[in-house]
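Got the viewer open? Let's take a walk through this one together, one selection at a time.

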Amino acid sequence: MKESKYIWKDGKLVPWAEATTHILSHTLHYGNAVFEGTRAYMTKKGLAIFRLKDHTRRLLDSAKIVCIKCPYTQEELECAQVELLRANKDEYKSNVYIRPIIYLGYGVMGVAHMAAPVNVAIASWEWGAYLGEEGMNNGIKVKISSFVRNPVKATMGKAKAAANYLNSQMAKHEAISCGCDEALLLDDNGFVAEGTGECFFIVRNGKLITPSYDNTLESITQATIMELARDMGIPIEQRRITRDEVYIADEAFFTGTAAEVTPVRELDSRIIGNGKAGEMTKALQSAFFKLVNGENPKYAHYLTYID
C-alpha cells in the first residue's frame, strides 16, 4: 500500500503513522464496525469522487443497522472526505481509493457495545485495478466457494459491516489457495449471491442478468451498471441464478468499487463464453470508465471534484 500524508480521524487531519487506536478497542475484539469503499478518479478536470453522497449515505445506513450512533452528519462526512483528498492531492498521480470507517473504540469490554466510544476515520491512497490489470482486460479465474454467503437469518447483510467480511476473507483465501483469483459465493439456498467483495452479472441470449437483493449488498456500482445498460438498450433481469447457468452463460463479470468491471473468463474449470471479456462486458466497462472519468455529461452529478 502506498501511504498518503494524512488520515482524517475524529474531526482532525493527522499524519498517516499517527492514526492509531488502542489494542483494547471494542471493534478489534467483537467485530462491530462499518465502512465504505469509495473511489476518486483522476479526470481531465482533476480528481473527482464517484457517488460520494450515495456511499456516505450507505455508510450511515450501515451504522444504523448495527446500532452504532455516528457522531457526524452525512454532510460533515462528505466534507471530511473532500478535505482529506485536498490535503493529500499533491501526492496523487492516479486514481484514489477512500476508506471511511465508523468503529467502536477503547473504553469498555464485554459483548455489549452501547457504552463504547464511537470513532470515525477516513483514509485514502492510490490504488489501481483490485483484481489486476490483466484480469481487468482479459478476465479472471473464479471458483464456487465452499462457504455460503452469510444468510439473512443469521446476520444483517445490508450493512457493510466488518464482521460480515470474515466469511469473504475465508472464501478468498480458499480461492487463492486453489489457484483462482476470486471466489463466487452461493446463498444458503444454493443460488448465486456475490463475490467476496463484488456483485455479479452474467449475459445470456442478449440479456444482462444479476441476482436480486435478497441476499446481497445493495451495490452502488451494480446500480450504475444497470443504469448504463438501460441507456444502451440492453434488457435487464434481476433474479435468481444457479451455478450451472453461469457455466453456460455467454459472458460473466464482477462489479464493485474496488473491482470496477472485471470480466470472468472461467468458473470451476468451465470456460465462460470464449474465455475472454465478452462484447457486452467490454461495452459496459468502457461506458463505466467514461462515466467515472467525467466523459458522460448525463452523469456529471455523480462526480464531486476536488479543487
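Which residue forms a salt bridge with aspartate 10? Select lysine 9 to see it: the closest N and O atoms of the two are 3.6 Å apart. Keep in mind that you're looking at a predicted model. Aspartate 10 itself is partly exposed, with a relative accessible area of 28%. A search of the whole structure finds 19 salt bridges, and we'll drop in on a few others.

**Stop: the two domains**

Now colour residues 6-126 as domain 1 and 133-293 as domain 2. Their centres, taken over C-alpha atoms, are separated by 26 Å. Zoom in where they meet: 20 residues of domain 1 are in contact with 22 residues of domain 2. Together the domains bury about 1,800 Å² between them, and 62% of that is on carbon and sulfur atoms. As for polar links, there are 10 residue pairs in polar contact between the domains, both residues at pLDDT 80 or more. On the domain 1 side, pick out β3 (33-35), β4 (38-43) and α2 (52-65), the elements that give two or more residues to the side touching domain 2.

How many salt bridges are there between domain 1 and domain 2? The count is two. While you're in the area, select glutamate 227 and arginine 51, whose side chains meet in a salt bridge at 3.5 Å, N to O.

**Stop: helix α6**

Next, select residues 220-231, which make up helix α6. At 1.5 Å a residue, these 12 residues should span 16 Å, and the end C-alpha atoms are 17 Å apart, which agrees. Look just before the helix for serine 219, which caps the N-terminal end of α6: one of its side-chain oxygens lies 3.3 Å from the backbone nitrogen of threonine 221. Buried residues in α6 include Ile220, Ile225, Met226 and Leu228. Just past the helix, glycine 233 takes a positive phi of about 75°.

**Stop: asparagine 164**

Jump to the loop between β8 (140-144) and α5 (165-177), where you'll find asparagine 164. Is asparagine 164 buried or exposed? Its relative accessibility is 11%, so it counts as buried. Show its surroundings: leaving out residues up to four places away in sequence, asparagine 164 touches Asn150, Thr155, Met156, Gly157 and Ala159. With alanine 159, look for the backbone oxygen, which lies 3.1 Å from a polar atom of the asparagine 164 side chain.

**Stop: two more salt bridges**

Stay with the elements on either side of that loop and select lysine 143 and glutamate 174, whose side chains meet in a salt bridge (3.8 Å, N to O). Lysine 143 lies in strand β8 and glutamate 174 in helix α5, so the pair ties together parts that are 31 residues apart in sequence. Both of these residues are buried.

For the last pair, select glutamate 237 and lysine 207, where the salt bridge is 3.1 Å, N to O. This one links distant parts of the chain, with glutamate 237 in strand β13 (residues 236-238) and lysine 207 in strand β12 (residues 207-210), 30 residues apart. Glutamate 237 counts as partly exposed at 24% relative accessibility, and lysine 207 is partly exposed too, at 36%. Finish by adding Arg204, Arg239 and Glu245 to your selection: together with Lys207 and Glu237, they are linked in a network of salt bridges.

Key:
Residues are numbered from 1 along each chain as its sequence is written. This is a predicted model: local features need pLDDT of at least 70, side-chain atom pairs count only at pLDDT 80 or more; totals for chains, interfaces and linings use all residues. Side-chain values use heavy atoms; hydrogens and water are left out. Helices (H or I, at least four residues) and strands (E, at least two) are DSSP runs, numbered from the N terminus. The expected span of a helix is 1.5 Å times one less than its number of residues. Buried means under 20% relative accessible area, exposed over 50%, partly exposed in between (1.4 Å probe, protein chains only). A polar contact is a pair of N or O atoms within 3.5 Å; within protein, one must be able to donate a hydrogen and the other to accept it, and residues adjacent in sequence count only if both atoms are side-chain atoms. Domain bounds come from an automatic or database domain assignment. Contact means heavy atoms within 4.5 Å. Buried area is the accessible area (1.4 Å probe) that two parts lose on being put together, summed over both. A salt bridge is a side-chain nitrogen of Lys or Arg within 4 Å of a carboxyl oxygen of Asp or Glu.
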